Amino acid sequence: RKLGYAIIGLGYYGLGVIIPQFRNCAHSRLAAVVSGDPAKAKRVAAEHGLPARSVYSYADFDRIRDNPDVDIVYVCLPNAMHAEYTIRAAKAGKHVLCEKPMAVSVAECEAMIAACKTANRKLMIGYRCHFEPYNLEAMRLARTGAAGKIRYVRSEHGFVQRSPDAWRLKRALAGGGSLMDMGVYSLQAARYMTGEEPVAVTARESTDRRDPRFTEVEDMIDWTLEFPSGALGGCQSMYSANQNRILLMGDKGRIELEPATRYNGNRMWVGEDGREKAITPPRASARNQFVGQLDHMARCAATGHEPIVSGEEGLRDMRIVEAIYRSAREGRTIRLDGRA
Ligand code: NAD
């Protein structure tokens, strides 16, 4: 049988991007919606043939415990609400797929992992690029030496955040600025493209604090990761320009993606500097990262396998995020490997 998802947060991503994907899924279906807007929830439920008992508000969300149609709760809320709703979902006996960033602190990530472990439920983070054909092919090429020994990875992600009222610019809801949003892609890419865990990070922030958008959180942040092989990861995120790029430099050539992590339209080149060839990954058009992600979680929930992007993976990123902020604040390199 297809496993049932409850989508919590009917905003841009939950409603606009995720819900339309269920029609292409082999193992997943929409089973419930959770929203603070009763009229919207009712409309979406009607459009998807959900019974009235599968429509929840934030206040009565815990009743989801009694709904056997729901196997997995997908948290598509502002970042600072991820921990609360992940923990409530686990306590209601449901598996959880939680959007990135996993939460707004290491302590929250640890509490989420503990809650899912206690409830014996799976926890996965919405790191969709692990299901995206171009990123998968770039990882494969990097691992099989298409660019030689990887010495440097550059990863830049950003978009122009226009509205000063957006929750993404409020510390209490977002937990931080561009790093908590697009920065997660830059950080993730540096880790999954090299296949290494950073041992140290050095960061710098640049924000015009007179700009009304940036009274609470950072605009641009730039950080360098040091990997055990000696490779460096130059990463960056910002809310004042559109950018979406990953570059891997090896001693035999380069692998370049631009755009790199979009929903669609990604492109890739591989080869020596100046003589790169465009590459289309096998089955690029047949595979959809959203469907891949939803069905992977459903299979993990059904079989007991651990998701490839588990809560631990989200926690690893959050430890680095906290170190990036600390490095920028204190103006020094922060070790991530426990060495002085
Ligand atoms: P959004 O603002 O469009 O939607 C957020 C939803 O949460 C809305 O339905 C809103 O009503 C609800 N909500 C409940 N309480 C709220 C409160 N106090 N303040 C504001 N909204 C509240 O945001 P979004 O773009 O859908 O992002 C939601 C989550 O999804 C974020 O964690 C974001 O990082 C993540 N996201 C991931 C991707 C991806 O590609 N993986 C893309 C977009 C967003």
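How far apart do the C-alpha centres of domain 1 and domain 2 lie? In this predicted model, the two centres are 27 Å apart. I shall begin with these two domains, and then turn to the ligand, the sheet and one pair of helices.

The protein chain is divided into domain 1, residues 3-126, and domain 2, which consists of residues 131-288 together with 319-335. Where the domains meet, domain 1 contributes eight residues to the contact and domain 2 contributes 11 residues. On the side of domain 1 that touches domain 2, five residues are nonpolar, two are polar and one is charged.

Let us now consider the ligand. Its shell comprises 18 residues, and the closest of these are Gly9, Gly11, Tyr12, Tyr13 and Glu99. Which helix gives the most to this shell? The answer is helix α1, residues 12-18, from which three residues are drawn. Both domains take part: domain 1 and domain 2 each supply at least three residues to the shell around the ligand. By character, the shell divides into eight nonpolar residues, six polar residues and four charged residues.

I turn next to the sheet. Six strands make up an open sheet, and following the order across it one reads β3-β2-β1-β4-β5-β6, with parallel pairing. At the edges are β3, residues 55-56, and β6, residues 123-125, each of which pairs on one side only. Within the sheet, I would draw attention to strand β4, residues 72-75, and strand β5, residues 95-98; these run parallel and are joined by four bridges. As a point of reference in the structure above, Ile72 stands opposite His95 in β5.

Finally, the helices. Helix α3, residues 82-91, packs with helix α4, residues 106-118, at an angle of about 10 degrees, and their axes are 9 Å apart. Why are they described as roughly parallel to each other? Angles under 35 degrees count as roughly parallel, and α3 and α4 therefore fall into that class. From α3, the contact is made by Ala83, Thr86, Ile87, Ala90 and Lys91. From α4, the residues that make the contact are Glu108, Ala111, Met112, Ala115 and Cys116. Taken together, the residues of this contact divide into seven nonpolar, one polar and two charged.

To summarise, I have described two domains with centres 27 Å apart, a ligand surrounded by 18 residues, an open sheet of six strands, and the helices α3 and α4, which are roughly parallel to each other. Thank you for your attention.

Key: Residues numbered from 1 in each chain as written. Predicted model: local features only at pLDDT ≥ 70, side-chain atom pairs only at ≥ 80, totals over all residues. Domains from an automatic or database assignment. Contact = placed C-beta atoms within 7 Å. Nonpolar A, V, L, I, M, F, W, Y, C, P; charged D, E, K, R; others polar. Near = placed C-beta within 6 Å. Helix = DSSP H or I, 4+ residues; strand = E, 2+ residues; numbered from the N terminus. Pairing = 2+ DSSP bridges. Axes fitted to C-alpha atoms, helices over the stretch in contact; angles between N-to-C directions. Parallel < 35°, antiparallel > 145°, perpendicular 65-115°, else oblique.
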